[in-house]
Amino acid sequence: MSAGHHHSHGHSGHGGHGHHHAHSHTPQNFSRAFAIGIALNIIYIIVEVIYGLLAGSMALLADAGHNLSDVLGLAVAWVGAELAKRPPSKRFTYGLGGSSILAALLNGLFLLVACGAIAWEAIGRFQEASPIATTTVIIVASIGIVINFATAMLFAKGQKDDINIRGAFLHMMADAGVSAGVVLGGIAIYFTGLNWIDPLLSLIIVALIFWSTWGLLSEAVRMSMAGVPRNISVEDVEAYLVSLPGVEAVHDLHIWPMSTSETAMTAHLFLPDGNQEEGFLGAIQKEMGKRFSINHVTVQIEVAGDEVVSCKTNCRP
């Protein structure tokens, strides 16, 4: 459900500016799903570490590190979802949704360090490949497939409507896939006796963690610097605004993330004669949410005679 409100203020000698804010919330409360998912995975991580050490399997230990990364990811998403529920205050006029961006940034840095530690140990194992208790590895990793898939299903219903929930869903599905890889590796070692398959698998898992972590880290850096979210094209937004009736030019177009799931936009529209169709600003707000998932929109109308000269996007005085 979303609610919009509209304020339009006229200025002497200038156009008006309108603010439209449609506040989107997670359709359900996923606190219980987060709690169950985190608890199940923490228990499984402990089991993986214990049996990974007993079985001498770096692949199991690497998978435990991978699962830990996604537990942290679940925790970040949970904290972000909870903080986003808090209303704006005089000190934090946008609310606390931006804390999810900071948490993702710190999470990404931590995971890169973890990748280095796992890779270092795995490379050492190539020089001294130890015997692997393959049956233990296969059983423990098989349990991981079940737990990770079950956790993913907790978020299946909401993953279409909320990007944070979608991230949790995809991470856990990826974990199920990694656990399946460890099972296949254990089977391969059982039949071939090639113990180097285990550290090789751990390096592949590290590569998967690094790939997803690098994407998380780069996006977190972009968002922390108020960069345009990857799923939004500034050119498409500008083209839409310029196509509106009476709009001759668009400038000072700014798009930035308020949190990992909410985006804001401001723009100046130059209408030479100042005439607007009824519901003009409201229609812009609606279309921005529908087309680009931008639900916090502020538009200023400028008319002929205003001091600001019309120009292209983001032009500066």
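Helices and strands are here runs assigned by DSSP, with at least four residues for a helix and at least two for a strand, numbered from the N terminus. On this basis the order of elements along the sequence of the protein is β-β-α-α-α-α-α-α-α-β-β-α-β, a total of eight helices and five strands. The model is a predicted one. Buried residues account for 44% of the 317 residues in the protein. Of the contacts between residues at least 6 apart in sequence, 72% connect residues at least 24 apart.

Confidence varies along the chain. The mean pLDDT of the protein is 78, and a value of 70 or more is reached by 84% of the residues. Among the elements, helix 7 (residues 234-242) has the highest mean pLDDT, 94, whereas strand 1 (residues 6-11) has the lowest, 37. Over residues 1-15 the pLDDT stays under 50, and the model gives this stretch 35 contacts beyond four places in sequence. Residues 309-317 also have pLDDT below 50, with 20 contacts in the model beyond near neighbours in sequence. Where pLDDT is low, the predicted coordinates should not be read in detail.

Two helices were examined for their length. Helix 6 comprises the 28 residues 197-224; because a rise of 1.5 Å a residue predicts a span of 40 Å, the distance of 40 Å between its end C-alpha atoms agrees with expectation. Helix 6 is followed by alanine 226, which has a positive phi near 60°. Helix 8 has 13 residues, and its first and last C-alpha atoms lie 18 Å apart, close to the 18 Å expected at 1.5 Å a residue.

Helix 8 covers residues 280-292. Its buried residues are Phe280, Leu281, Ile284, Gln285, Glu287, Met288 and Phe292. An α-helix has 3.6 residues a turn, so residues three or four places apart point the same way. Glycine 282 also belongs to helix 8, but its relative accessible area is 31%, and glycine 282 is therefore partly exposed, since buried residues lie under 20% and exposed ones over 50%. Between the C-alpha atoms of glycine 282 and valine 297, which are 15 residues apart along the chain, the separation is 9.9 Å.

Serine 293 comes just after helix 8, in the loop that leads from helix 8 to strand 5 (296-302). Although serine 293 is not a glycine, its phi is positive, at about 60°. The relative accessible area of serine 293 is 44%, which means that this residue is partly exposed. A positive phi is also found at aspartate 252, a residue other than glycine, where the value is near 50°. Aspartate 252 is located in strand 3 (residues 249-257) and is partly exposed because its relative accessibility is 21%. Most residues other than glycine have a negative phi.

Further residues were considered in helices 1 and 4. Glutamate 48 lies in helix 1 (residues 31-55). This glutamate has a relative accessible area of 0% and is therefore buried. Leaving aside residues up to four places away in sequence, glutamate 48 touches Leu60, Leu61, Asp63, Ala64, Asn67 and Val140. Threonine 135, by contrast, lies in helix 4 and is partly exposed, because its relative accessibility is 49%. The C-alpha atoms of threonine 135 and valine 183 are 9.4 Å apart in space, while the two residues are 48 apart in sequence.

Internal empty space was also examined. Rolling a probe the size of a water molecule over the atoms shows where empty space is left. A search of the whole structure yields one cavity of 30 Å³ or more, and the volume of the largest cavity is about 30 Å³. Its lining consists of Ala59, Ile132, Thr134, Val137, Val182, Gly185, Gly186, Ile189, Asp198 and Leu201. Helix 4 (134-154), helix 5 (163-192) and helix 6 are the elements that contribute two or more residues to this lining. Helix 5 provides the largest share, with four residues. By residue class, the lining of the largest cavity has six nonpolar residues, three polar and one charged.

Technical notes. Residues numbered from 1 in each chain as written. Predicted model: local features only at pLDDT ≥ 70, side-chain atom pairs only at ≥ 80, totals over all residues. Heavy atoms only, no water. Expected span 1.5 Å × (residues − 1). pLDDT = per-residue confidence, 0-100. Contact = heavy atoms within 4.5 Å. 1 Å grid on protein atoms, 1.4 Å probe; cavity = no way out; pocket = protein on both sides within 12 Å on 5 of 7 lines; lining within 4 Å. Points joined across faces, edges and corners; volume = space filled by probe spheres on them. Nonpolar A, V, L, I, M, F, W, Y, C, P; charged D, E, K, R; others polar. Buried < 20%, exposed > 50% of the residue type's maximum accessible area, 1.4 Å probe, protein only.
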